[in-house]
Amino acid sequence: MPNVAVLLAAYNGSAFIEEQLQSILRQQSVRLTIYISVDLSSDDCYQRCCDFAKKHPQIIMLAYGQKFGGAAANFYRLIKDVDFSDFDYVALADQDDIWLDDKLLTACTKLEQGNYHAYSGNVLAFWPDGRELLINKALPQRKYDYLFEAAGPGCTYVLRTEPMMLFKDLLQEKWPQAQQVILHDWFIYAFFRASDLSWFIDPDYKLLYRQHPDNQVGIHKGWQASIKRLGLLHNGWCKQQVVRVSSLINEHHMDVHSRWSILKNISQLRRRFRDRCILFFIAFCGLY
């Protein structure tokens, strides 16, 4: 059976984390160990995890008390501090989702069948009022899409250990700079793609993606999300993140500082046609 290291980052997650852990432990036909890092919280999330871990030897708690201030920094801590070199795969997990029972087995099977280096997939978002929405990320990959977007939610990522050890080396070597990248799933995707490593995006969903007011990221739908994105564009945050990711992965194929370079390569920069149109408009109008 595939042997998987599951890296779970948590913060103020006591409301949902036990349901999430139970869904991970129900995974079929894989061996797994769950490593949990809890950001300094105002609820009893850490104690709940410790109590749960006492009943399940597959769960290992990392030292508690440090303030990370965001999911990315917490995941970087997990990748840096956990020794996953003896595992076949590394999977990322959020604190509030629900995994379908064959999530890991499906990912490992796809990776083996296609000889891919990394796997991600679609998710089914759900709300407390019963609404559901399929979030489709399985669009054809573009040559440079990794410079402007992730493969999808990081909680769907399952990655071969060997390239993740290389990412770990980069993380340790460029630790201060890496802390400035706010979206860990984008950074990981960019590293793999820039290294010519193959990535499979599954059109099927194997994860129920819980939506609630405390989501750090969520699904980016609706007018409020659009206003937030425009604000990030206006204050230069988006370009700043693109430049930081590009610098860390040593990107040399495209000048991400130049809006003219973006206009020239627009067909290769985002997977979704609508997103390419928006990016073109932003660059053309000088907003980038």
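Biologist: Which elements cover the buried residues of helix 1?
Modeller: In this predicted model, local features need pLDDT of at least 70 and side-chain atom pairs count only at pLDDT 80 or more, while totals for chains, interfaces and linings use all residues. Residues are numbered from 1 along each chain as its sequence is written, and side-chain values use heavy atoms, with hydrogens and water left out. Helices (H or I, at least four residues) and strands (E, at least two) are DSSP runs numbered from the N terminus, and contact means heavy atoms within 4.5 Å. The cover of the buried residues of helix 1 includes strand 1 (3-10), strand 2 (31-38), helix 2 (45-55), strand 3 (59-61), strand 4 (89-93) and strand 5 (98-99).

Biologist: How many degrees around the axis do the buried residues of helix 1 cover?
Modeller: Buried here means under 20% relative accessible area, exposed over 50% and partly exposed in between, with a 1.4 Å probe and protein chains only; in helix 1 (residues 17-25) the buried residues are Ile-17, Gln-20, Leu-21, Ser-23 and Ile-24. They lie on the same side of helix 1, because the arc they cover is only 160 degrees. The arc is taken from the directions running from the helix axis to the C-beta atoms.

Biologist: Which exposed residues does helix 2 carry on the face turned away from its buried side?
Modeller: Cys-45, Cys-49, Cys-50, Phe-52 and Ala-53 are the buried residues named for helix 2. Seen down the axis, they fall within an arc of 165 degrees, so they line one face of helix 2. Those buried residues pack against strand 1, helix 1, strand 2 and strand 3, whereas the face turned away carries Lys-54 and Lys-55.

Biologist: Is helix 5 roughly parallel or roughly perpendicular to helix 7?
Modeller: The axes (lines fitted to C-alpha atoms over the stretch in contact, with angles from 0 to 180 degrees between N-to-C directions) of helix 5 (residues 161-173) and helix 7 (residues 184-194) come within 11 Å and cross at roughly 115 degrees. Angles under 35 degrees count as roughly parallel, over 145 as roughly antiparallel, 65 to 115 as roughly perpendicular and the rest as oblique. Helix 5 is therefore, relative to helix 7, roughly perpendicular.

Biologist: Which residues of helix 7 meet helix 5?
Modeller: From helix 5, the contact involves Pro-163, Met-164, Leu-166, Phe-167, Leu-170 and Leu-171. On the helix 7 side, the partners are Phe-187, Ile-188, Phe-191 and Phe-192.

Biologist: How far apart are the axes of helix 3 and helix 5?
Modeller: Helix 3 (residues 71-81) packs against helix 5 at an angle of about 110 degrees, with an axis separation of 9 Å.
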